[in-house]
Every structure is written in C-alpha cells, then in structure tokens.
Amino acid sequence: MTSSFTRPALICNVQSGSHDEAIRAQIETVCRDHGAPLAATFALPDDDVPDAAQLAADGIDLLLVWTGDGTINAAARKTADWDGAILPLPGGTLNLLSKALHGDRPAPEILADALAGKGQRRPIPTIRSDKSEAFITVIAGPATRWAEVRETMRQDGLIEASRSAPDALDEMMNAPGVRVAGHDTAYPAVILTPTHGGIRADGILTEGTGDVLRHGLAWLGGDFRDGPSEPITAGDMVVLESDAPISLEYDGELDETASPVTFTLASSAVDFVATT
C-alpha cells in the first residue's frame, strides 16, 4: 500500500533528556527513503508548536510529534480541525499514547510503517473538562504532588527530589481525597482514562506501607499506573468531588480546579495515525 503522506513535519525538543540526535537523523532518513522528506522541523524550546493554520499554509499533511506526552497534547489541541494527521513517536519519558497506538517500538520503525501505508488514520477518544482536554489520562487528587517530585528529580537529581518527597507523601496520605460522584470512597488520586467504551475511573490504593512505597516508586519511575489501584466506574461522564480544591494532571501538565469537576468523553478534533 502506498502512503498518502508526502509532506511530513517534525516536532522535537532538543533540550529534553530523551532527545537523541542519532534517532533524529534516522527519522530524517526514513522520510527521505520513503519519498517524503521533512518539509519543516519545529525544534522546541526555540520554536513554537505549530497551529492548524501554519501547517495548512505550509502544505504539511503529517505531523511527527517526537516528544513527551505533554507536547503531544499541546500539538493536538493547537491543530484542531486541521486536515492532516498526527503521528506520535516515542520521544519522552512515558510515551503512553505512542505505546497505545503503535506498541512499544522505536520511532524509526513506527514512522517507516506509517509512510509505507501500514497505518490507520482516525480520531481517538479524549477526556474534556471546562478547562482542558486529555488525550491520554487525567489524574486527580493530592497524590499528583508526586509529579512535582518526579520533575525535580529529572531536572535537579535525586538528592533535591528527596527533599520534596516527604511533603508529597504527607499530602498523599493526609490531604482530602477525591471521590467519584455517587461513590463513597475517597482516594489519594483517581485516574481517568479515555477509551472507546467510555471514561474508565480507577482509584489508587494506599492501604499499607507496601502500597505507599509502590506508588512512590511508580510515580518516580514515570508510570503512575504501576501502583496498586481498583476500578471504580466507567461511562461517558465522570464527576469528581472533594472537600478541597482538586489537583489535576492532564497528560503530565498540572492544574487545579474547584470541586466538583465534570469530565466527559469526547473525540479528538484532529486525526491520529495508529500502526497496530
């Protein structure tokens, strides 16, 4: 099958700890080898994430987002209603959306399949609130404080991170938790995941020292979903409540909102390319 993409553009972050110039060169080579050389490169942080009008003006038909999940979120929201498609490539810490669409594979291999016509182009389910949209996951509750510890560890090292870890632990254990409306149990964090069948809500468990340790390691290791949790509900709408303002993480980006907050299942306003 012949790919319909002829003018790809690349978003990368040259200051990211995951950036690898050798892989970037491979991405450029794969594009050339498939008769679709890169028409533009947006190198963060010096360049801005392009919007739909800019991509349309440049005739771009495929946006390769080789960065972390937060930048994929920003790119998808800025390119809403664009006629092209986004190809997420693993270029960050978690790469959750890339894994969901392509499996755990290297960026050049995924790109080669997409340009060889082996991908499927379609919108993906998302989660929307009044303030933002998540294409991968929303985490709500005081346990999101661990995201700050994780970021400190990335930027300043383990010693600096260890200084903020006790505050994150105290907040996870003692701050008012988050409830799904209609359910009595409050959790240190509720994880919302968009699926084609609805928003899945899972509550993290901290019933003993072992659970707490596993969650700390999961957050510091990058994938919060590795900690113990239990399913709560699933549906097209989930309302979260708390006795305090609710801390949120949309695809890795932190926010806060008053209680209650409503999340609804939606569909991305731009197409994505999946290769699995």
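This is a conversation between a visitor and a guide about a predicted model.

Visitor: How do you know which features of the model may be spoken of?

Guide: Since this is a predicted model, local features need pLDDT of at least 70 and side-chain atom pairs count only at pLDDT 80 or more, while totals for chains, interfaces and linings use all residues. Residues are numbered from 1 along each chain as its sequence is written, and side-chain values use heavy atoms, with hydrogens and water left out.

Visitor: What makes α1 and α5 count as roughly parallel, oblique or roughly perpendicular?

Guide: The axes of helix α1 (residues 21-33) and helix α5 (residues 107-115) come within 9 Å and cross at roughly 15 degrees. Axes are lines fitted to C-alpha atoms, for helices over the stretch in contact, and angles run from 0 to 180 degrees between N-to-C directions. Angles under 35 degrees count as roughly parallel, over 145 as roughly antiparallel, 65 to 115 as roughly perpendicular and the rest as oblique, and α1 and α5 are therefore roughly parallel to each other. The names come from DSSP runs, numbered from the N terminus, with helices being H or I of at least four residues and strands E of at least two.

Visitor: Which residues of α1 and α5 meet, and how do they divide into nonpolar, polar and charged?

Guide: From α1, I23, Q26, I27, V30 and C31 meet A107, P108, L111, A112 and L115 of α5, where contact means heavy atoms within 4.5 Å. These residues divide into nine nonpolar, one polar and no charged, with Ala, Val, Leu, Ile, Met, Phe, Trp, Tyr, Cys and Pro counted as nonpolar, Asp, Glu, Lys and Arg as charged, and the others, Gly among them, as polar.

Visitor: What makes a space a cavity or a pocket?

Guide: On a 1 Å grid over the protein atoms alone, a cavity is a set of points where a 1.4 Å probe fits but cannot get out, whereas a pocket is an open set with protein on both sides within 12 Å along at least five of seven lines; lining residues have an atom within 4 Å of a point. Grid points are joined across faces, edges and corners, and a volume is the space filled by probe spheres set on the points. The structure holds one cavity of 30 Å³ or more, and the largest cavity has a volume of about 30 Å³.

Visitor: Which residues line the largest cavity?

Guide: Its lining consists of C12, N13, S16, H19, W66, T67 and G91, and β1 (8-13) and β3 (62-67) each supply at least two residues of this lining. By class, the lining of the largest cavity divides into two nonpolar, five polar and no charged residues.

Visitor: What is the volume of the second largest pocket, and which helix gives the largest share of its lining?

Guide: The second largest pocket has a volume of about 330 Å³, and of the 16 residues that line it, L97, A100, F135, T193 and P194 are the closest to its centre. The largest share of the lining, five residues, comes from α4, while the whole lining divides into nine nonpolar, four polar and three charged residues.

Visitor: Where is D271 placed, and how far is D271 from A85?

Guide: D271 sits in strand β17 (residues 271-274). In sequence D271 and A85 are 186 residues apart, yet in space they are 4.8 Å apart, C-alpha to C-alpha.
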